[in-house]
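Let us walk through this structure together, one region at a time. Keep the 3D view open and turn it as we go.

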Amino acid sequence: MSSSPTSLRLPAGLSGYRPTPQVMGVVVLALAIGIVPHFVREYWIFLSTAGFLTAITVMGLAVIIGWAGQVTLAGAALLGTSVYITGYLLREGLAGSAPWPFIPAMIGGVACATVLSALVAIPTAKFSGIYVMVLTMGLQVTMERTLFTYTWITGGAGADVRVPRPKVFGFHFNTDTRYFYLSFVVMVIAGVLMHSLRRSRHGRAIHLVRTDRQAAAAVGISPWRYRVIAFAVGGFLIGIAGAFTAPLYESPPALTQYILFQSLFLLAIPVVAGTQTIVGLASVAVAFQILPAALQSHRLSVYLLGGAGLIGGTLLGPRGMAGTLLDVLQQRRDVARLRQVAGADEETEAPSRPAESRESP
Amino acid sequence: MLEIESLRAGYGRLPVLFDIDLAVDEGEVLAIVGPNGAGKSTLLKSIIGVVTPTAGRIVFDGSRVTHEPPHLRVERGMALSPEGRRIFASLSVRENLLAGAARTPINVVEQQLQRIYTLFPILSERTAQEAGSLSGGEQQMLAIGRALISAPRMLLIDEPSMGLAPLIVAELYQALHKLAEDGIGIVVVDERSTEAISAADRVCVIEKGRIVSLTASTGGDA
Amino acid sequence: MFDPFIVKASLVTGVALGALYGILAVGLVLSFRMSRMVAFVHGGIALCSAFLYWYLTADPARTSGHGTNLAYATKEWPKAPAVILAMLLGVGLAALFAWVATGRMANWPRVTVTTFALGGMLIFTGITQEIWPGAFEIVPSPFGRGRVTIWGANVSHHQIAVIGILVFLVIVLHFVVTRTKTGVQMRAISDDVEAAEIVGIPVRKVSMGVWCLSGALAGLGGVLLTPMTRLGASVVLFVLIRSLAGAVLGGFRSLPLALLGAMLFGQVEAHTAGGTFGKISSGWREVILMAVLFLGVLLVVRRKRSQFRLAET
């Protein structure tokens, strides 16, 4: 694993991105993705598909947590909004028009989630974190009691309401295996997007806003603006996840999937995984999706899993499980390198990294 | 009365103090001086117990207190007036003084209140006032008074003169002098080293977490 | 358009609702002042206590699934010991949570400790859902089903009791906080934890005690709220959000302002639901409450800004 190019490392001060384990992870994951669907029952394929979409959702949450340093409790509400709006457009279109094709319907759902997320961010951007939590919780409950109760949009609980699987450029993703690959590709694209955004000028600005507001203000970066951007990007990613979830079940998903408790469950994932590695986020997301089903015989409720995730994640510290793991790997590599150099002091920044000060989860 | 043996302490993985050996007697004034970040405040904090030492031991009155929580050390007779005063801004002056008297017998508290009010008469005029509205000098007096309420025999004072006018600093040191005459051991850390040194019996210089010199004060007092 | 009968009835219901929110809000403020966390965990504690109380007192014939093998075998205890046990459970759970949370978290950011509290809430909720999955039950009031007419409004004994309990609580707490040694220590800790430690306040012990008290209040809140609505995870959470909203108006620190906030939300809710302003759907009611909450936060933040002139994170 030492063969990977260390020259890819970011300038100091940015997120501690180290590619080696990630590249490994991607390779392993890609292999698994290629092989597994041919050997397991359809149910697991379906669950993994849902896992990929959850991964996209939590990438959105990770953007808000990791970049803006804020915790949103409206994750499920944003997701549900996109799911139901997209589903509605796919079923009926707007104002009696014919059902929309997938891509415009997706854009509709994503736009709603993005705008909603940004709308909360605009007035709350100057508030401290706990107020944002309370207000996003309020948004969550408001959505539950308004949009989610309009059965003409959500489709209600009727099993006879069908949401067609998407047909994109003539290709119909009509089987679960096809949808599995589609979701995986979308997840990878979302991950790459998030990664490149983080390394862009804007990403760095956002990072600075989060770590030191005063310094950011001093160099002319408006904390307010970047916080709103982080919320919008987060809402966008969650919206994408929702748009692809809409046709997943081929009928409107149950309301209980988008209530406040589900928001907390979703929040547990980036809190456990940490917001630094995208592969870590994705794997924890898939695990959290599959675990309750796999352990169904032991009646592991999602509440307990989510609660354990939130508690364990906060105790682990801001870098989460993936970050902690990376720290250990990095430390071992540092030790090895220091032994090689045998005392010569080339760089001392690396070993101090695990002692980073605690910041928001 | 207070003995510190090869004490090490730090924050997280960052070590600040290395092998500190120090002893302070009753009625003695010890001044600790040194550059910013040398570890002076950390030393006082580990003596009172809000910073846990990683090695070494602290002995007070013959008993090891190295791992005792602060409130037990206060009960034994230590007290700290912390850097930056740290008074309870929303509490009244009287409540500030009483906050530290959790386990002190009532008659002692009454007695100490009288002592504090004679030492700093201005506080007795402001008993009901919210502490946050006091002037800097008054806040410093309150911080020292708050430390005195439990009738300590060892008083640790961190940066008493920070941001204060010379006249007030002189007044504060006069008060410290009186306390030392009553037999209280005093350890004072001060950036304004001249005042501290001239008030002290001994001077301890700390640099980069180590004691570099420990000598009788040449300044002496008046 | 304002029917005086409806307005009066809503006013009285609003006071009772506000009192209910107030009991939980007091617990939230107390925990915040000790541990700088928005104690979402109180929602889970209230739910556990409510379930215990229901399990001990409800008539099995009135539980859901009655007549099938899914019926719940609830006991039919007298109410008083059940209330006490429920409150003790609240104390126990709060103590357990505080034991894990306090101390090591002294220097963590508020958002992180609050996330931790969310985890506690989920765990406690999860426990009830493991034992009684999906329960949505009718809970008997500890004060019976009697009703009286006060000032033209028909009020239940339960509502009067809730108001009475809150008034009693406020008087006792006011005395403790302003007049006793413990009250001074509590306020000192909430001003500056480290300084409190330095001057010799047994911080852990005091904050543990306050957590136990707020746990008892959460338990009591759970017992008192379910007879007014139903017993279910989302219902309890819903009430918790109202109490939170009340506490927000006090900046999570001020008890009188938090109570005022709770009363305000009680009134808004009662009038929008009771029909003072005509028929308002539950969705719109939520939007109105959100708007009030939002304005409240705006006010609090403004006030803080002008006090400190610095941005907090």
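Start with an enclosed space to which two chains contribute: the second largest cavity is lined by A:Gly138, A:Val141 and A:Thr142 from chain A, together with C:Ile241, C:Arg242, C:Ala245, C:Phe265, C:Glu286, C:Leu289, C:Met290 and C:Leu293 from chain C. Two or more of these lining residues come from each of helix 5 (129-145) of chain A, helix 9 (233-249) of chain C and helix 11 (282-308) of chain C. Which of the elements gives the most to this lining? Helix 11 of chain C does, with 4 residues. By character, the lining splits into 7 nonpolar, 2 polar and 2 charged residues. The space inside comes to about 90 Å³, and a search of the whole structure turns up 7 cavities of 30 Å³ or more. Please keep in mind as you look around that this is a predicted model.

Now stay with chain A for a moment. Chain A is built with 14 helices and 2 strands, and 55% of its 361 residues count as buried. Among its contacts with a separation of 6 or more, 78% join residues that are 24 or more positions apart. For a single residue to look at, try A:Ser117, which sits in helix 4 (residues 102-124) of chain A. Is A:Ser117 buried or exposed? Its relative accessibility is 3%, so A:Ser117 counts as buried, the cut-off for that label being under 20%. Setting aside neighbours within four places in sequence, A:Ser117 touches A:Ile64, A:Leu78, A:Phe231, A:Ala232 and A:Gly235.

Next, move to chain B and find its strands. Strand 1 (residues 2-11) of chain B runs antiparallel to strand 4 of chain B, and 6 bridges pair them. Within that pairing, B:Arg8 has B:Ala55 as its bridge partner in strand 4. Strand 4 of chain B also pairs with strand 5 of chain B, again in the antiparallel sense, over 2 bridges. Here B:Val59 is found opposite B:Arg64 of strand 5. Strands 4 and 5 of chain B form a hairpin with 2 residues between the strands, and in this hairpin B:Asp61 adopts a positive phi near 55°.

B:Asp61 also leads us to the charged pairs. Side chains of opposite charge can pair when their charged atoms come close. B:Asp61 makes a salt bridge with B:Arg153, and the closest N and O atoms are 2.6 Å apart. This pair links distant parts of the chain, 92 residues apart: B:Arg153 belongs to the loop between helix 6 (136-148) and strand 7 (154-158) of chain B, while B:Asp61 belongs to the loop between strand 4 (53-60) and strand 5 (63-64). B:Arg153 is partly exposed at 33% relative accessibility, and B:Asp61 is partly exposed at 40%.

A second pair in chain B joins B:Asp182 and B:Arg115, with 3.3 Å from N to O. These two also come from distant parts of the chain, 67 residues apart, with B:Asp182 in the loop between helix 7 (166-181) and strand 8 (185-189) and B:Arg115 in helix 4 (residues 106-119) of chain B. B:Asp182 is exposed at 54% relative accessibility, whereas B:Arg115 is partly exposed at 26%.

Then look for B:Glu138 and B:Arg126, whose side chains form a salt bridge at 3.0 Å, N to O. B:Glu138 lies in helix 6 of chain B and B:Arg126 in the loop between helix 5 (121-124) and helix 6, so this pair ties together parts that are 12 residues apart in sequence. How accessible are the two partners? B:Glu138 is buried at 12% relative accessible area, and B:Arg126 is partly exposed at 24%.

The loop between helix 5 and helix 6 of chain B also holds B:Gln129, which is partly exposed at 27%. Beyond its neighbours within four places in sequence, B:Gln129 is in contact with B:Leu91, B:Ser92, B:Val93 and B:Leu134.

Finish where chains B and C come together: B:Lys45, B:Arg86, C:Asp192 and C:Glu194 are linked in a network of salt bridges. Over all chains, the count of salt bridges comes to 17.

Notes:
Residues are numbered from 1 along each chain as its sequence is written. Chains are lettered from A and ligands numbered from 1 in the order in which they are written. This is a predicted model: local features need pLDDT of at least 70, side-chain atom pairs count only at pLDDT 80 or more; totals for chains, interfaces and linings use all residues. Side-chain values use heavy atoms; hydrogens and water are left out. A salt bridge is a side-chain nitrogen of Lys or Arg within 4 Å of a carboxyl oxygen of Asp or Glu. Buried means under 20% relative accessible area, exposed over 50%, partly exposed in between (1.4 Å probe, protein chains only). Two strands pair if DSSP finds at least two bridges between them. Contact means heavy atoms within 4.5 Å. On a 1 Å grid over the protein atoms alone, a cavity is a set of points where a 1.4 Å probe fits but cannot get out, and a pocket is an open set with protein on both sides within 12 Å along at least five of seven lines; lining residues have an atom within 4 Å of a point. Grid points are joined across faces, edges and corners, and a volume is the space filled by probe spheres set on the points. Ala, Val, Leu, Ile, Met, Phe, Trp, Tyr, Cys and Pro count as nonpolar, Asp, Glu, Lys and Arg as charged, and the others, Gly among them, as polar.
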